[in-house]
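Hi there,

Here is the structure I promised to pass on to you. Have a look at it first, and then read on for what I found.

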Amino acid sequence: MYRLNLPQFGIKIGGDASRPTIFDVLRRKHVALTPEEWVRQHFIHFLINHKGYPAAYLANEVELRIGTKKMRCDSVLYNNVLQPRMIIEYKAPTVALQQKVFDQISTYNMLLHVDYLIVSNGLQHYCCKMDYDRRSYSFMPDIPDYGSL
C-alpha cells in the first residue's frame, strides 16, 4: 500500500492475496482493503492515538438520506449526546483534494450541520471550522486535538 503522511499503527491485515482486508477498529470487523480504506484506518488511529478523540464517539460509513437518495459519510465524530460535531471525508492517496471533494463534504454538512469538516487523502489533510453566524468557514493550521474542539 501507500506510504502516508500519518503515523504508523498496529495494522491488522487479513483476507488473501486476491481479496485483502484490514481491520476497522470502529466497525470491529475486517473490511475490504482499498486505497481509501487504507487512508481511513490510518486517519482514525491518528485521531484516537495522537489527537485524543474517543473511539466511542467516532463512526465509519454513516448513512444519510435526502428523500430517496442515500449517501454515506466516511467518518463522523459525535459529542457525548450523539450530536454530530465533525465530518471526515477520505480519498485515495492518488486522488487530488480538489473543489469537488469539498463540494461533496459540504453536501453532507447540509444535513448534519457540524462544527468541523476534514478532508484527507493520507498525504494532505485540510480542516475547516464552520461559522454559521457569519456564514463562513476558516481553514485551520492543523487537525485539532479533541480537547480543543
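With 149 residues, a compact globule would be expected to have a radius of gyration near 15 Å, and this protein comes out at 15 Å, so the two agree. Please keep in mind that this is a predicted model. Taken along the principal axes, the C-alpha atoms occupy a box of roughly 50 × 35 × 35 Å.

Some overall numbers for the protein: 42% of the 149 residues count as buried, and the exposed surface is about 8500 Å², with carbon and sulfur atoms supplying 50% of it. If you take the contacts with a separation of 6 or more, residues 24 or more positions apart account for 47% of them.

As for the secondary structure, there are two helices and nine strands. Going along the chain from the N terminus, the order of the elements is β-β-β-α-β-β-β-α-β-β-β.

Helix α2 is where I spent some time. This helix has 14 residues (residues 99–112), which at 1.5 Å a residue should span 20 Å; the C-alpha atoms at its ends are 20 Å apart, so expectation and model agree.

Which residues of α2 are buried? They are Val 101, Phe 102, Ile 105, Tyr 108, Asn 109 and Leu 112. Because these residues cover an arc of only 120° around the axis, they sit on the same side of α2. Their packing partners are the strands β4 (58–66), β5 (69–78), β6 (84–90), β7 (116–120), β8 (125–131) and β9 (136–139). Turned away from that buried side is a face with the exposed residues Gln 99, Lys 100 and Met 110. Just after α2 comes His 113, which has a positive phi of about 55°.

One more residue to look up is Asn 79, in the loop between β5 and β6. Is Asn 79 buried or exposed? Its relative accessibility is 14%, and the cut-off for buried is under 20%, so Asn 79 counts as buried. A polar atom of the Asn 79 side chain lies 3.0 Å from the backbone nitrogen of Val 81. Leaving aside residues up to four places away in sequence, Asn 79 touches Tyr 57 and Arg 85.

If you open the model yourself, you could begin with α2 and its buried residues, among them Phe 102 and Tyr 108, and then go to the loop that holds Asn 79.

Best wishes

Terms used
Residues are numbered from 1 along each chain as its sequence is written. This is a predicted model: local features need pLDDT of at least 70, side-chain atom pairs count only at pLDDT 80 or more; totals for chains, interfaces and linings use all residues. Side-chain values use heavy atoms; hydrogens and water are left out. Helices (H or I, at least four residues) and strands (E, at least two) are DSSP runs, numbered from the N terminus. The expected span of a helix is 1.5 Å times one less than its number of residues. Buried means under 20% relative accessible area, exposed over 50%, partly exposed in between (1.4 Å probe, protein chains only). The arc is that of the directions from the helix axis to the C-beta atoms. Contact means heavy atoms within 4.5 Å. The radius of gyration is taken over C-alpha atoms; the globule rule is 2.2 Å times the number of residues to the power 0.38. Accessible areas come from the Shrake-Rupley method with a 1.4 Å probe; for residues, only the protein chains shown count as cover. A polar contact is a pair of N or O atoms within 3.5 Å; within protein, one must be able to donate a hydrogen and the other to accept it, and residues adjacent in sequence count only if both atoms are side-chain atoms.
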